[in-house]
Structure formats: C-alpha cells, structure tokens
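I opened the notebook to go through one chain, residue by residue where that seemed useful. These entries record what I looked up, in the order I looked.

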Amino acid sequence: MAVKGVVFDVTSGKEFYRRGAPYNALTGKDSTRGVAKMSLDPADLTHDTTGLTAEELKSLDDVFNKVYKAKYPIVGYAARRILNEDGSPNLDFQPEDQPHFDTKDEF
C-alpha cells in the first residue's frame, strides 16, 4: 500500500490489509486521501490531496509518521514521487533523503 507516494510492505499487518480485512481497500494504490480523511470511500482512495483541510493534512502526517513509517518497511516509491508529470525523471528526487531509505538494502 502507498501513502504520500511511499510504498509500504504491510504484510506484518495482514489481518488488517488482506482480502476481506477492514483496510484491504487501501492496498494496491496510493491511498493518501483516504488515510487523511480516515475514509474507505472509493472516491477517496487516491493520491490527490486537493481540498483537504488543515486538520486532515495534520492527521495524514501523524498517521504517515506514527503508524506507517513506524510499523512497516518501505519497499519503494510511487512513480509520482520519482517522475515529473511529463514522465521525465524528477531530478530533485534523492533516495537517500527519503524516509527509511538505505541504498545498501535497495540495490
């Protein structure tokens, strides 16, 4: 599952994320908006944060840092994080500056 363009391995929480589990709808996509709004509505299961309130954005950061980054290993990044809208490489993307990134483990 991905939040804020960071892909997490949620296998250790499979009781929450496997098929038929409460948060399965969040998997297989970047569900940033759904996490921010604490929503499983299919319309909210997207990366788009347009129009979120300050409270929702704070909630997103809290859950991202205190739940996902704290509990689950990062296994990659969504293309949106490493590519520009035109598909060209985002030259500002620095893997070593990303959360929990260790080049020894990645390559």
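**Entry 1: Y72 and F8**

I began with Y72, which is buried, with a relative accessible area of 6%. The model is a predicted one, and I read every value below with that in mind. I placed Y72 in the loop between α3 and β3. The cut-off for buried is under 20% relative accessible area, so a loop residue at 6% falls in that class.

I then listed what Y72 touches, leaving aside neighbours within four places in sequence: F8, D9, V10, S12, G13, Y17 and V67. For S12 I also took the C-alpha separation from Y72, which is 7.5 Å, with the two positions 60 residues apart along the chain.

F8 was on that list, and I looked it up next. F8 is in strand β2 and is buried, at 2% relative accessible area. Beyond four places in sequence, F8 is in contact with M1, V3, F64, Y68, K69, Y72, P73, I74 and V75. I checked F8 against T27 as well: they are 19 residues apart in sequence, and their C-alpha atoms are 9.6 Å apart.

**Entry 2: the chain as a whole**

I stepped back to the fold. I counted five helices and three strands, in the order β-β-α-α-α-β-α-α from the N terminus. The chain has 107 residues, of which 35% are buried. Its exposed surface comes to about 6800 Å², and carbon and sulfur atoms supply 51% of that area.

I also looked at contact range. Among contacts with a separation of 6 or more, 53% join residues 24 or more positions apart.

**Entry 3: the nonpolar core**

Which residues of the largest nonpolar core touch the most other members? I found M1, V3, F8, Y17, V35 and Y68, in a core of 19 residues. The elements that each supply at least two residues of this core are β2 (6-8), α2, α3 and β3 (74-77). The largest share, four residues, comes from α3.

I followed M1 further. Not counting residues up to four places away in sequence, M1 touches V6, V7, F8, V10, Y17, L26, T27, G28, K29, V35 and Y68. F8, Y17, V35 and Y68 thus appear both among the contacts of M1 and among the core residues named above.

**Entry 4: the largest pocket**

I moved on to the largest pocket, which holds about 270 Å³ of space. Its lining has 14 residues, and Y17, Y23, L26, M38 and Y68 are the closest to its centre. By class, I noted 11 nonpolar, two polar and one charged residues in the lining.

Which element gives the largest share of the lining? I found α3, with four residues. Helices α1 (14-17), α2 (32-37) and α3 (54-71) each supply at least two lining residues. Y17 and Y68 are listed close to the pocket centre and also among the core residues that touch the most other members.

**Entry 5: S31 and G34**

I checked whether S31 is buried or exposed. S31 counts as buried, at 0% relative accessibility, and sits in the loop between α1 and α2. Its contacts beyond four places in sequence are A2, A25, L26, L45 and T46.

G34 lies in helix α2. It is buried too, because its relative accessibility is 2%. Leaving aside neighbours within four places, G34 is in contact with S39, D44 and L45. L45 is therefore listed as a contact for G34 and for S31 under the 4.5 Å cut-off. I also noted that the C-alpha atoms of G34 and H47 are separated by 8.5 Å, the two being 13 residues apart along the chain.

**Entry 6: two positive phi values**

Most residues other than glycine have a negative phi. I therefore wrote down the exceptions I came across. K4 has a phi near 55°; it lies in the loop between β1 (2-3) and β2 and counts as partly exposed, at 30% relative accessibility.

M38 also has a phi near 55°. M38 is in the loop between α2 and α3 and counts as exposed, because its relative accessibility of 58% is over 50%. M38 is one of the residues closest to the centre of the largest pocket.

How values were computed
Residues numbered from 1 in each chain as written. Predicted model: local features only at pLDDT ≥ 70, side-chain atom pairs only at ≥ 80, totals over all residues. Heavy atoms only, no water. 1 Å grid on protein atoms, 1.4 Å probe; cavity = no way out; pocket = protein on both sides within 12 Å on 5 of 7 lines; lining within 4 Å. Points joined across faces, edges and corners; volume = space filled by probe spheres on them. Nonpolar A, V, L, I, M, F, W, Y, C, P; charged D, E, K, R; others polar. Buried < 20%, exposed > 50% of the residue type's maximum accessible area, 1.4 Å probe, protein only. Areas by Shrake-Rupley, 256 points an atom, 1.4 Å probe, with all protein chains shown as cover. Core = buried A, V, L, I, M, F, W, Y, C linked by side-chain atoms within 4.5 Å.
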